[in-house]
Amino acid sequence: MKHKSPVYDVIAVPVAKIKPNNYNPNAVAPPEMKLLYQSIKLDGYTMPIVCYYVKEDDEYIIVDGFHRYRIMLEHEDIFEREGGMLPVSVIDKPIDQRMASTIRHNRARGSHNVDLMSNIVKELHEIGRSDAWISKHLGMDRDEILRLKQITGLAALFKDVKFGKAWRPVEEEADGEDFPDSPDTETDEI
């Protein structure tokens, strides 16, 4: 028998029939949840939720996709647009295999390479995208964008950044006395 991947049989399932599992250790921080919402709002659901079907309860237990499921539950605009239906890919495996599958899905997502992300920020800047645009569309805060710009080391990336005056060097006197005009040098005590 030839193998057929579950993704070729994606079905639309009412969100009310979908239930979270009780073993997923994955957590998503608020900024990433915000970005996931933005992604689903702008791109739609591009990946199905992976579920196991429990026939006797007529329920779909989530194996992967809990946060995509949460977006529909927590955002009425998404629920309305999708008609309360989620794309589901069904796997038929025992609980131990479903647990392993959940962990594989979580770990397979990996993490972003800092150098590659820096280059993306650089390229977006070079085509005229502002920090505000990058922040909105990539889900980054200003500090993260600044750090990524620093990695590339290109001065052009900082042309619109305003820097405060953190300190100003004071010239040393010829006799070697350190910073005589400094208000904190009144005494020799530390």
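This dialogue walks through helix α2 and the sheet it packs on.

Visitor: What kind of model is this?
Guide: It is a predicted model, where local features need pLDDT of at least 70, side-chain atom pairs count only at pLDDT 80 or more, and totals for chains, interfaces and linings use all residues. Residues are numbered from 1 along each chain as its sequence is written, and side-chain values use heavy atoms, leaving out hydrogens and water.

Visitor: Where is H67?
Guide: Helices (H or I, at least four residues) and strands (E, at least two) are DSSP runs, numbered from the N terminus. H67 sits in helix α2, residues 66-74.

Visitor: Is H67 buried or exposed?
Guide: Buried means under 20% relative accessible area, exposed over 50%, partly exposed in between (1.4 Å probe, protein chains only). H67 is buried, at 9%. R68, Y69, I71 and M72 of α2 are buried too.

Visitor: Which residues does H67 touch?
Guide: Contact means heavy atoms within 4.5 Å. Leaving out residues up to four places away in sequence, H67 touches N26, A27, V28, M33 and L36.

Visitor: In what order do the five strands form the sheet?
Guide: Two strands pair if DSSP finds at least two bridges between them. The open sheet runs β1-β5-β3-β4-β2, with mixed pairing. β1 (11-14) and β2 (18-19) are the edge strands, each pairing on one side only.

Visitor: How does α2 meet the sheet?
Guide: Axes are lines fitted to C-alpha atoms, for helices over the stretch in contact; angles run from 0 to 180 degrees between N-to-C directions. α2 touches β2, β3, β4 and β5 (85-90), and its direction makes about 125° with that of β4.
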